[in-house]
Amino acid sequence: MSVANLRELAWQIASPYYEMRDPQAQRRMTDQDIDRLLTVLARLGVVELTEETAALTPAAVHAVQRTLGEAAPGEPIHQILVTLQDSADPVIWRRLLVSPATTLARLHHILVTAMGWENSHLHLFTVDGVLYGQASPEWELDVRDEKKTQLQDVLTQAGAAMEYEYDLGDSWRHDIVLEDILTAEEGARYPILVDGAGACPPQDVGGITGYEHFRRALADPRHDEHNEYVHWAGLNSAQEFDPARFALEATRKALSSAG
């Protein structure tokens, strides 16, 4: 990654927390802090640093992978099938290879990327009646901390299943089935999106029944809400939305960047 991009990223993250009389001076100080940090990391052997770029060393990449629970070559890999409940024509599904040590918190981020959700709503995992999610005193339910639970803790053998619900209002429910336990390959980075089908429904469309209504309205130019839905979905025309379209390679790239 370029040093300039790292400086910009740090500024975007930090600046909202400042009340600045001189933003330019504060930005210069932030850039200097990033440069000092990169210099220290380079001395520690964590990054390879040039005047323009910074990259993690192989040892640092390995450490990050292990911290994230990624499998090393020869270790087990879970092949999971994720299917959006009640979806039809087409059924919306994704097949993924995921390290068993992946926490459910990280699995959530993998799932929203693979499915195409915007990650702006609450979510829950349900395994044999036990709920897992973000630890919060606001929950009125007994919810276990997803950060402390790994995939291998809840899906232990082929055929095991759980439910993932995204957006507790629209209630997009997904079945997750452990199809097979494979072996991590040399040079592979997990998670990997193997395949999939079906477009992700528009967010906030009203759940699966709202999505069906949305599709009917788009398909019928005489429908009372046809033009309204075209505008709401940000389309130039109804033909732009294809419920069967799934951008496999683009989603793989997004998952690789997010993972």
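**Salt bridges, helix packing and aromatic contacts in a predicted model**

With a relative accessibility of 76%, Arg222 counts as exposed, because the cut-off for that class is a value over 50%. The structure described here is a predicted model. The side chain of Arg222 meets that of Asp220 in a salt bridge, with a distance of 3.6 Å from N to O. Asp220, in turn, has a relative accessibility of 26% and is classed as partly exposed. Elsewhere, Glu8, Arg27 and Asp31 are joined into one network by salt bridges that share partners. In total, the structure holds ten salt bridges.

Within this network, Arg27 and Glu8 form a salt bridge of 3.1 Å, taken from N to O. The two residues belong to distant parts of the chain: Glu8 lies in helix H1 (residues 3-14) and Arg27 in helix H2 (residues 23-43), 19 residues apart. Both partners fall into the intermediate class of accessibility, Arg27 being partly exposed at 21% and Glu8 partly exposed at 30%. A further salt bridge joins Glu163 to Arg173, whose closest N and O atoms are 2.7 Å apart. This pair also links distant parts of the chain, with Glu163 in strand E8 (residues 161-166) and Arg173 in strand E9 (residues 172-183), ten residues apart. Glu163 has a relative accessible area of 19% and is therefore buried, since buried means a value under 20%. Arg173 is partly exposed, at 32%.

The overall dimensions and composition of the chain provide the setting for these pairs. Along the principal axes, the C-alpha atoms of the protein chain fill a box of roughly 65 × 50 × 40 Å. The secondary structure comes to eight helices and ten strands. Of the 259 residues of the protein chain, 39% count as buried. Among contacts with a separation of 6 or more, 61% are between residues 24 or more positions apart.

Helix H1 was examined in further detail. H1 has twelve residues, and the distance from its first C-alpha to its last is 16 Å, close to the 16 Å expected at 1.5 Å a residue. Val3, Ala10 and Trp11 are buried in H1. These residues lie on the same side of H1 because they cover an arc of only 100 degrees around the axis. The elements that cover the buried residues of H1 include H2, strand E1 (47-49) and strand E2 (54-56).

The interior of the chain was then considered. The largest nonpolar core has 43 residues, and those with the most contacts inside it are Ile80, Leu96, Leu107, Phe125, Leu155, Met162 and Ile176. Helix H4 (residues 104-115) supplies the largest share of this core, seven residues. When residues up to four places away in sequence are not counted, the contacts of Ile176 include Ile80, Leu81, Val82, Leu111 and Phe125. Leu155, Ala160, Ala161, Met162 and Tyr164 are also among the residues that Ile176 touches on that basis.

His78 is placed in strand E3 (residues 76-84). The relative accessible area of His78 is 4%, so this residue is buried. With neighbours within four places in sequence left aside, His78 is in contact with residues including Leu96, Leu97, Val98, Pro100 and Leu151. Gln152, Leu155, Leu178, Asp180 and Ile181 are likewise among the contacts of His78.

A search of the whole structure finds nine aromatic pairs. The rings of Tyr211 and Phe214 are stacked, because their centres are 6.3 Å apart and their planes stand at 20 degrees. Tyr211 and Phe214 are three residues apart in helix H6 (residues 207-219), and so are separated by about one helical turn. Both of these residues are buried. The rings of Phe214 and Tyr229, by contrast, form an edge-to-face pair, because their planes stand at 85 degrees with the centres 5.3 Å apart. The latter pair links distant parts of the chain, Phe214 in helix H6 and Tyr229 in helix H7 (residues 226-232), 15 residues apart. Tyr229 is buried, as is Phe214. Tyr211, Phe214 and Tyr229 form one aromatic cluster together with Trp232 and Phe241.

Technical notes: Residues are numbered from 1 along each chain as its sequence is written. This is a predicted model: local features need pLDDT of at least 70, side-chain atom pairs count only at pLDDT 80 or more; totals for chains, interfaces and linings use all residues. Side-chain values use heavy atoms; hydrogens and water are left out. A salt bridge is a side-chain nitrogen of Lys or Arg within 4 Å of a carboxyl oxygen of Asp or Glu. Helices (H or I, at least four residues) and strands (E, at least two) are DSSP runs, numbered from the N terminus. Buried means under 20% relative accessible area, exposed over 50%, partly exposed in between (1.4 Å probe, protein chains only). The expected span of a helix is 1.5 Å times one less than its number of residues. The arc is that of the directions from the helix axis to the C-beta atoms. Contact means heavy atoms within 4.5 Å. A nonpolar core is a set of buried Ala, Val, Leu, Ile, Met, Phe, Trp, Tyr and Cys residues joined through side-chain atoms within 4.5 Å. Rings of Phe, Tyr and Trp (its six-membered ring) pair if their centres lie within 6.5 Å; planes under 30 degrees apart count as stacked, over 60 as edge-to-face and the rest as tilted.
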